[in-house]
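Let's work through a few exercises on this protein. Have a look at the picture before you start.

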Amino acid sequence: MKAAFPYMGDIHIILESILRHIGVETIIPPNPNKDTLAMGAQLAPETICLPFKVTLGNMVKALEQGADTLIYVTGFWSCRFGYYGRLQADILRELGYRFDLIELRRDRIGEIISRIIDLNRKNIPGTLVKTIRAFRLGLAKAQVIEKLNYSARITLPFVKDPADCRKLFQSFTEKIKSSMHPGELKSIRRSITDSFSTIPRKSSNEVIKIKLVGESYCTIEPFVNFDIIWHLGELGVLVDPFLTGPRWLGFHGFRLGKSEVARIQKKAHKYWRYCVGGEDANALGHLIIAAEAGYDGVIHIHPFACMPSTVVQPALIKASKDYNIPLLFISLDEHTIETGFLTRIDAFVSILERKRRSLKNPLEKESQDNFSKRVIPQSEDILTMNRRNL
Ligand code: SF4
């Protein structure tokens, strides 16, 4: 079996190790790029969301590289994510590709286990040992990747030369990819903090803090979000994404961190009683937590035509007013141009810096208010603009 699966950010590093340990050869297509997106957009239904198009292009590349089995997480979601797998499989089969489809869903657990046992020549004790080892390795990789991303994020805004941070990040990523022993991964994990602390720093310690919320794929995948976390970090902004690849995998793949999600969603309850899918309640809960923790602003990033991210916007606007925290919405699709995207981000950061200065120097406040009125449309204007654009 040569299996491929849709991925975002760095989760393929974890999944590839788990699958390899339980006896599955994996095909990892190149990281998403313009070609992948153009191919996916050409084959996908026109109005479907951006993650579908990127992952479809990715699957075509995997099949061309020899994959004969596609693995998808599917199920009964309230948005489109639950049927991505079946719809992509139909499109790919119509194009003439032949492959097996494995759906990872709760009501098919028995079927999945029996396929893993078959792969290991029906050796049940052997399969059990391999599976436990595979998940231990997967967990160790997830923890070290999480720590690496965190260390890079909290170091980048303070360093003199961002290239030093990028170099260190890449060298650790290579070590994590090649390591196949939980013990070795533990020692890599221990050395991360010390290594990042040796990078020369700027003299000032003051930074703008932004919470990044929105749809999972757009938050996590650097190709579609134009590497927003590194871009902001290089501008001297401390970015705190509400979700990372390993955390997404832990929750959606293995239901880890349920109590944390329940705590966040409880925060949102005043504005959002019923989850309609995606990350609607999470975005609201994290906006409130960010405001209470003194963050300077929130960016909500989502695909154009993403149902949950669109319907939650009025509630986010209300909460941002109630908690007095600036909020920027960014919607992405295959036509989004990097320059326009980054200009909006940079303008938002300038506004947050002015706001911060005006809190220290009230004389600047009046010009700040006028500036904001000119640059940021008021909440109601944003809604009208969206309606006009539709
Ligand atoms: S959350 Fe939005 S972008 Fe993600 S699958 Fe659902 S509708 Fe599409």
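Helices (H or I, at least four residues) and strands (E, at least two) are DSSP runs, numbered from the N terminus. Residue numbers start from 1 along each chain as its sequence is written. The model is predicted, so a few limits apply: local features need pLDDT of at least 70, side-chain atom pairs count only at pLDDT 80 or more, and totals for chains, interfaces and linings use all residues.

**Exercise 1.** Count the helices and strands in the protein.

*Solution.* You should get 18 helices and eight strands.

**Exercise 2.** Work out the strand order of the four-stranded open sheet, and say why one side of strand 6 and of strand 8 has no neighbour in it.

*Solution.* Start with pairing: two strands pair if DSSP finds at least two bridges between them. The order is then 6-5-7-8, with parallel pairing. Strand 6 (237–241) and strand 8 (327–332) sit at the edges with a single partner strand each, so one side of each stays without a neighbour in the sheet. Now step inwards: strand 5 (residues 208–214) and strand 7 (residues 297–303) are joined by five bridges. In one of the pairs, Ile 210 has Gly 297 of strand 7 as its bridge partner.

**Exercise 3.** Check the radius of gyration against that of a compact globule.

*Solution.* Take the radius over C-alpha atoms, and use the globule rule of 2.2 Å times the number of residues to the power 0.38. For 390 residues the rule gives a value near 21 Å; the protein has 22 Å, which agrees. Finally, the C-alpha atoms fill a box of roughly 75 × 50 × 40 Å along the principal axes.
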